[in-house]
Each structure stands twice: as structure tokens, then as C-alpha cells.
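Trainee: Please take a close look at the buried interior and the hollow spaces of this model. I should like one connected account.

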Amino acid sequence: MTFHSETFPDSDWPAAVAARLSALAPARRLCLATGDTLAPAYALVDHLDRATVFLLDEFGGLPPNDPGRCQSMIRRQLLDHVTVGDLRLPDVDAADAAAEARRYGEDIASGGIDLAVVGLGRNGHIGMNEPGSTVDLPTRVVELAPTTAEHAAAYGASSTPSWGITVGLAELMAAREVWLLVTGEHKREILERVLHDPIGPDLPATFLRNHSDCTVFADRAAAGG
């Protein structure tokens, strides 16, 4: 089992992560998160042209092409300047969201994930695996915690979603490699807890400490210097 962390000066963090992602990504199956933490690194990625990219999660109940949707964010943050080999998304507009989540999970499981790149929520979630999520839960429809739903508004959503589809902890823990990306002083306390609190569903990100190959990439603000 390999679980370790690397800390970079705040200004160097995006370039360091982008360089590693660009070097590792060709012809691989990636599961990528979206959001403010990831955006500066994604802006510096220079190629993913042979990678298959699975979106980590998606808000439900928002109109197609709504700016708050995760697929809109991944396009703004990454795909507007980088071509990927294949982009795969959960269809939150499907008539049967639960069946769509199962289909998406099966698609991921059929070839696995080579690298999952995830952020850390203020309540310890990864993806939309909110507190209370157990390590065996698959890709599924989830009810959002209020703090997670509010983030959609911060990203420009036209309304506040109450649910979403997320890649489950089961698929993330089966990934060959996971990167947990954490930046900013406002994430310092939750990162400290994820690294040192008991492993369990109260803080789903703590399960990554049991992953076979997980690296935490943090800036000094989040790492406490």
C-alpha cells in the first residue's frame, strides 16, 4: 500500500500537477473531477489526446448546457484547450437516473480506472460521496448535502440541485492510482482530519488511506506550511 503526500509552494502547485497529468495521461482511462481546485492545473495541461476521460460526477435537475453542470465546467476548464480521445459522461437527463448510474458504473468497471483525480469537499466528501457513504458503494444517484448543492450556484448554476450521479467509492478504490488535490487555507482543517481521523464513512475521503496507490497533492496553504 502506498499513501503519501507532496506539498508545493502555492504558485508552483498547478504547473507541477499539470505536468504530471500530461505525462501520465496518454492512452489511459482517467476519472476527472471539476471545480475551483482543479481549474488552475487543468488550464496548464497540454495534451490528453489518447485518453478516455470519465467525469467523476454530475448535478441532476439542471438544464442541458447549464453553466453549473460538471460537464460544462470540464469543457470550460479543460476541453476548450485540450482534445481528449473519448469523453464519457453520466446522462442525468435519462428517464431512469438509477439505471443510467448503473450503466455508467458498468462502463467504468469494464476497463477500470487508471488514474482518478479528485478534490476534497469541506465535509470530507470525494465526488458526491457525502458523509455516510461506505467504501463498497458503487456509482449511483445521490442526495446532495446542502454545502455541495450550494457549490453549483457558485459555478453559475441557474438553480440549486438536490441530487446527482457520482462515481462510487467502490470504483474509486479500485482505481489503479488516485490523486487527491487540496488547496487553500480553508481546506487545512479538513485535510488534517482526513489524514489523521479514524477511517470511516463520517469522512469518506479517509478511505483513500487504505488505497494501494494514493497521493495527496497540496499547496502550503492547505498543508499548513
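Mentor: A residue is called buried under 20% relative accessible area, exposed over 50% and partly exposed in between (1.4 Å probe, protein chains only). By that rule Val53, with a relative accessibility of 2%, is buried. The model is a predicted one, in which local features need pLDDT of at least 70 and side-chain atom pairs count only at pLDDT 80 or more, while totals for chains, interfaces and linings use all residues. Residues are numbered from 1 along each chain as its sequence is written, and side-chain values use heavy atoms, without hydrogens or water.

Val53 belongs to strand S3, residues 48-55; helices (H or I, at least four residues) and strands (E, at least two) are DSSP runs numbered from the N terminus. Apart from residues up to four places away in sequence, Val53 is in contact (heavy atoms within 4.5 Å) with Leu30, Leu32, Val84, Asp86, Leu87 and Arg88. Asp12, by comparison, lies 41 residues from Val53 in sequence, and the two C-alpha atoms are 25 Å apart.

A second buried position is Ile108, in helix H4, residues 97-111. Ile108 counts as buried because its relative accessibility is 1%. Beyond its neighbours up to four places away, Ile108 touches Arg29, Phe54, Ile113, Thr139, Val167 and Glu171. Arg176, which stands 68 residues from Ile108 in sequence, has its C-alpha 13 Å from that of Ile108.

The hollow spaces come next. On a 1 Å grid over the protein atoms alone, a cavity is a set of points where a 1.4 Å probe fits but cannot get out; a pocket is an open set with protein on both sides within 12 Å along at least five of seven lines; lining residues have an atom within 4 Å of a point. Points are joined across faces, edges and corners, and a volume is the space filled by probe spheres set on them.

The structure contains 1 cavity of 30 Å³ or more, and the volume of the largest cavity is about 40 Å³. Its lining consists of Val17, Ala18, Leu21, Leu38, Ala41, Tyr42, Val45, Val117 and Leu181. Two elements each give two or more residues to that lining: helix H1 (13-24) and helix H2 (39-42). H1 provides the largest share, 3 residues. Sorted by class (Ala, Val, Leu, Ile, Met, Phe, Trp, Tyr, Cys and Pro nonpolar; Asp, Glu, Lys and Arg charged; the others, Gly among them, polar), the cavity lining has 9 nonpolar residues and no polar or charged ones. The buried residues of H1 are Trp13, Pro14, Ala16, Val17, Ala18, Leu21 and Ser22. Of these names, Val17, Ala18 and Leu21 also appear in the cavity lining.

The largest pocket has a volume of about 500 Å³. It is lined by 27 residues, and those closest to its centre are Thr34, Gly35, His125, His151 and Tyr155. Strand S4 (57-59), helix H3 (70-79) and H5 are the elements that give two or more residues to the pocket lining, and H5 gives the most, with 3 residues. By class, the pocket lining comprises 10 nonpolar, 13 polar and 4 charged residues.

H5 spans residues 146-154 and includes Thr148. Thr148 is buried, because its relative accessibility is 5%. The side chain of Thr148 makes two polar contacts listed here, a polar contact being a pair of N or O atoms within 3.5 Å; within protein, one must be able to donate a hydrogen and the other to accept it, and residues adjacent in sequence count only if both atoms are side-chain atoms. One partner is the side chain of Glu130, at 2.7 Å; another is the side chain of His125, at 3.4 Å. His125 is also one of the residues closest to the centre of the largest pocket. Leaving out residues up to four places away in sequence, Thr148 touches Phe59 and Asn123 as well as His125 and Glu130.

Two less enclosed positions complete the account. Ala170, in helix H6 (residues 169-174), is partly exposed, since its relative accessible area is 28%. Outside its neighbours within four places in sequence, Ala170 contacts Val135, Asp136, Leu137 and Pro138. Thr134 is 36 residues from Ala170 along the chain, with 8.6 Å between their C-alpha atoms. Asn65, in the loop between S4 and H3, is exposed, because its relative accessible area is 67%. The phi angle of Asn65 is near 70°, a positive value in a residue other than glycine.
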